[in-house]
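Colleague: I'd like to go through some of the labels on this model with you. Could you take me from the values to the words?

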Amino acid sequence: MLSVLSALWPVFALVLLGFAGRKMAFPGDGFWQPAEKLTYFVLFPVLLVNKLGSSDMTGVSVFEISIAVSLLLLIGSLSCFLLRHWLVFSAAGFTSFYQGSVRFNTYVALAAAAALFGGQAVAISAVIIAVMIPLINLLCVIVFSTQVSSSQGVRALLSTLLKNPLILSCLLGIALNISGLGVPQMVSSVAGLLGSMALPLGLLAVGAGLNIHALRAVQSAVWVSSLIKLLIFPLIMYIICTVMELSQLMTGLLLVFSAVPTAPSAYILARQLGGDAEMMAAIITGQVLLSMITLPFILGILI
């Protein structure tokens, strides 16, 4: 467990530095939103394309990853709907509770995977991302459409999903790899420098986005969604990987992705489609802070 904590410490240190920078207004409030936009639309996609396009993907089973991820998300979704009978939620509140229970923070997951398993893990993690993101967004579309969202909002979300830079970059990287074209050396050398900026800047942006004030109105949704996302999800994934007899590396990476906190983008979705944005902000902040304890603990036990 100490080795896991040692590997993950830089990840959480950058999150805390981002939070401190935002609190001290350094380098300025106008910095963080463009930085996050640059990371999401340029740096992170470049990292994914470069890693997927140039890595040896022999032995990486997209089918096995798809089965494991699908089972996890379907079990998690069913659990959320069953819990609604015991937890009092408004329709808007349930959508935020659901997002907090099933979404994952891409920056934290990829940074943790790289810290624990090395550079080769990034390419396999990109495949996990390529499977997880469309499926999670599809499930969220269904939840919003049945709870609070208008059909126009759902259509806009589906259109955004089809243009998602992370999905498109994963597909491009996989296509370059399968075709044998790969990433040309002159392009790869530049992409390597750009990609190396993605995770540090992304983690700083995660810290800068934390909203401590939202925790003043902590509700049961924060604690229950955190229990599901940070503890129950990795336990379920461990069982799935054991039954499927997946390799140690694949199991470890899937556990990392199942154990990280929910995504900051869930807040944007809550605002756009009529979810409970205040509850969503509290869930995001609470889970990031709690994951600094739960992530080393659960991975230290299961890996």
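Colleague: Why are α4 and α13 called roughly parallel to each other?

Modeller: Happy to explain, with the reminder that this is a predicted model. The axes of α4 (residues 91-102) and α13 cross at roughly 20 degrees. Angles under 35 degrees count as roughly parallel, and therefore α4 and α13 get that label. Their axes come within 9 Å, and α4 passes α13 in a right-handed crossing.

Colleague: What makes α2 and α9 oblique to each other?

Modeller: Here the crossing angle is roughly 140 degrees, between helix α2 (residues 29-54) and helix α9 (residues 185-208). Roughly antiparallel would need an angle over 145 degrees, and the roughly perpendicular range is 65 to 115. The value fits neither of these, so α2 and α9 are oblique. The two axes come within 7 Å, and α2 passes α9 in a left-handed crossing. As for the residues of that contact, 17 are nonpolar, six polar and one charged.

Colleague: Back to α13: where is its kink centred?

Modeller: On Ser 291, where helix α13, spanning residues 277-302, has a kink of about 50 degrees. At the start of α13, a side-chain oxygen of Asp 276 comes to within 3.3 Å of the backbone nitrogen of Glu 278.

Colleague: And how do you know that α13 is mostly covered?

Modeller: By counting its buried residues: 19 of the 26 in α13 qualify. Buried here stands for a relative accessible area under 20%.

Colleague: Why does Ile 268 count as partly exposed?

Modeller: Ile 268, which lies in helix α12 (residues 265-273), has a relative accessibility of 47%. Buried would require under 20% and exposed over 50%, so Ile 268 falls in between and is partly exposed. Ile 268 can also be placed relative to Ala 281: the two are 13 residues apart in sequence, with 9.7 Å from C-alpha to C-alpha.

Colleague: What about Thr 262: why is that residue called buried?

Modeller: Its relative accessible area is 0%. The cut-off for buried is under 20%, so Thr 262 is buried. You will find Thr 262 in the loop between α11 (248-259) and α12.

Colleague: What does the side chain of Thr 262 reach, and how do you know that this is a polar contact?

Modeller: The side chain of Thr 262 reaches the backbone oxygen of Gln 99 at 2.9 Å. A polar contact calls for a suitable pair of N or O atoms within 3.5 Å, so this one qualifies.

How values were computed
Residues are numbered from 1 along each chain as its sequence is written. This is a predicted model: local features need pLDDT of at least 70, side-chain atom pairs count only at pLDDT 80 or more; totals for chains, interfaces and linings use all residues. Side-chain values use heavy atoms; hydrogens and water are left out. The bend at a residue is the angle between axes fitted to the seven residues ending there and the seven starting there. Helices (H or I, at least four residues) and strands (E, at least two) are DSSP runs, numbered from the N terminus. Buried means under 20% relative accessible area, exposed over 50%, partly exposed in between (1.4 Å probe, protein chains only). A polar contact is a pair of N or O atoms within 3.5 Å; within protein, one must be able to donate a hydrogen and the other to accept it, and residues adjacent in sequence count only if both atoms are side-chain atoms. Axes are lines fitted to C-alpha atoms, for helices over the stretch in contact, and angles run from 0 to 180 degrees between N-to-C directions. A crossing is left-handed if the near helix is turned anticlockwise from the far one by less than a right angle, and right-handed if clockwise. Ala, Val, Leu, Ile, Met, Phe, Trp, Tyr, Cys and Pro count as nonpolar, Asp, Glu, Lys and Arg as charged, and the others, Gly among them, as polar.
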